[in-house]
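Biologist: I am new to this structure. Could you take me through some of its local details?

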Amino acid sequence: MVKKICPVCGRETDILIEGVCPDCYRKSHPILEVPASLKVLRCSNCGALYINGRWVRGFRVLEKYVESRVKVKGVLEKVEVKIRPGLAEVKAFGKAHPAIPEPYSEEYKVRLIYVNDLCPTCRAELTQHEEAVIQVRVIGRDASEYKDRVMDVVKVELVKNAERGRVIKVEDVERGFDIKVTNSKLARSLALAIHREFPSIMLEATKVVGSRGGRRISHKAYSIHLIALSKGEVVNINGEYYLVKSIYRNHLELVNVRSGLSTTLNYDKLVMANVVPVNEYQVSCVGDGVVVKVGEVSFDLRGIKLICP
């Protein structure tokens, strides 16, 4: 093969690319064209970044964003981006021209200019702006017995939806507690998670609280009534004593301890009833039924086997 002379560096070479040797061609033809700097909007409170029209968390998203802003000028096999304090390091694997025999790597640096602001979640939290409320009410128990369990479910769901918003306040009220949230979509996710975890009924309502620039400002409320009853428990409903026979997702099967008659009570009707816990009672298995003792009065219920061994 006849050797060629590079007119730039004077070295012999097997090939010329656009009239110069591969090494000289590489010097003026990078694999990538990268911006010298990029401006990134950052929340000064939580560190979330505003990228592609969304507030997000995590450097992996920023790495993808930097990668999307580079232009491929040669033959690219792989690109790697690493975020450092104040800059992004970009490493490209490939070659400037297909005629170059072997691939190689090039490194670039992109200055990251952070512009501080507040994301909507932090702005709402710092101003105590409430967009939605989850009203948890407990039927059949003191609400304090269920509060920790409910909030455990909320904490797990918050981890999955951290970018959506936050809980700004949990306030105790009669027969339950209110969970105040900065984002209505997050509130719905939390409400559904609670509803799935416990026997309950969930209702949704929207209230217009004002207007801004011709747009209505609405406030979401998710009402969840937890059915805090147990199979085999005695409870007073509208002045009558009932034995809880079975618990389902949307209704109870009850036995009236006075008449011995079984009945089905849907949760939507239960939440409208006057439900009073019975603190002193005994349920014991006798023969083919059970004996329920409330205070000093006993009731013999035949044919009730579901709560007996």
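**A first tour**

Modeller: Gladly. Keep in mind that this is a predicted model.

Biologist: Is glutamate 233 buried or exposed?

Modeller: Glutamate 233 sits in the loop between strand E15 (215-227) and strand E16 (234-237). Its relative accessibility is 6%. Buried means under 20%, so glutamate 233 counts as buried.

Biologist: Which backbone nitrogen lies 2.8 Å from a polar atom of the side chain of glutamate 233?

Modeller: Glutamate 233 touches residues beyond four places away in sequence, among them Gly140, Arg141 and Tyr281. The 2.8 Å distance involves another residue's backbone. That nitrogen belongs to serine 230.

Biologist: How are the rings of tyrosine 50 and tryptophan 55 arranged?

Modeller: The count of aromatic pairs comes to 2. Tyrosine 50 and tryptophan 55 form an aromatic pair, 5.3 Å centre to centre. Planes under 30 degrees apart count as stacked and over 60 as edge-to-face. Here the angle is 55 degrees, and the pair is tilted.

Biologist: Which burial class does tyrosine 50 fall into, and which does tryptophan 55?

Modeller: Tryptophan 55 has a relative accessible area of 16%, so it is buried. Tyrosine 50 has 37% relative accessibility. The class between 20% and 50% is partly exposed, so tyrosine 50 counts as partly exposed.

Biologist: Which tyrosine has arginine 42 over its face?

Modeller: Two arginines can be placed over rings here. Arginine 149 lies over the face of tyrosine 146, at 4.7 Å from the ring centre. For arginine 42 the distance is 4.0 Å, and the ring is that of tyrosine 114.

Biologist: Which element gives the largest share of the lining of the second largest pocket?

Modeller: This pocket has a volume of about 340 Å³. Its lining has 16 residues, with Pro120, Thr121, Glu163, Arg164 and Asn183 nearest the centre. Strand E6 (54-56) and helix H3 (120-126) each give two or more residues to the lining. The largest share, 3 residues, comes from H3.

Biologist: Is lysine 109 buried or exposed?

Modeller: Lysine 109 lies in strand E10 (residues 104-117). Beyond its neighbours within four places in sequence, it is in contact with Pro35, Ala36, Ala88 and Glu89. Its relative accessible area is 60%. The cut-off is over 50%, so lysine 109 is exposed.

Biologist: How many Å apart in space are lysine 109 and valine 75?

Modeller: In sequence, lysine 109 and valine 75 are 34 residues apart. In space, C-alpha to C-alpha, the distance is 19 Å.

How values were computed: Residues numbered from 1 in each chain as written. Predicted model: local features only at pLDDT ≥ 70, side-chain atom pairs only at ≥ 80, totals over all residues. Heavy atoms only, no water. Helix = DSSP H or I, 4+ residues; strand = E, 2+ residues; numbered from the N terminus. Buried < 20%, exposed > 50% of the residue type's maximum accessible area, 1.4 Å probe, protein only. Polar contact = N/O pair within 3.5 Å; in protein donor to acceptor, adjacent residues only side chain to side chain. Contact = heavy atoms within 4.5 Å. Phe/Tyr/Trp six-rings, centres within 6.5 Å; stacked < 30°, edge-to-face > 60°. Lys NZ or Arg CZ within 6 Å of the ring centre and 35° of its normal. 1 Å grid on protein atoms, 1.4 Å probe; cavity = no way out; pocket = protein on both sides within 12 Å on 5 of 7 lines; lining within 4 Å. Points joined across faces, edges and corners; volume = space filled by probe spheres on them.
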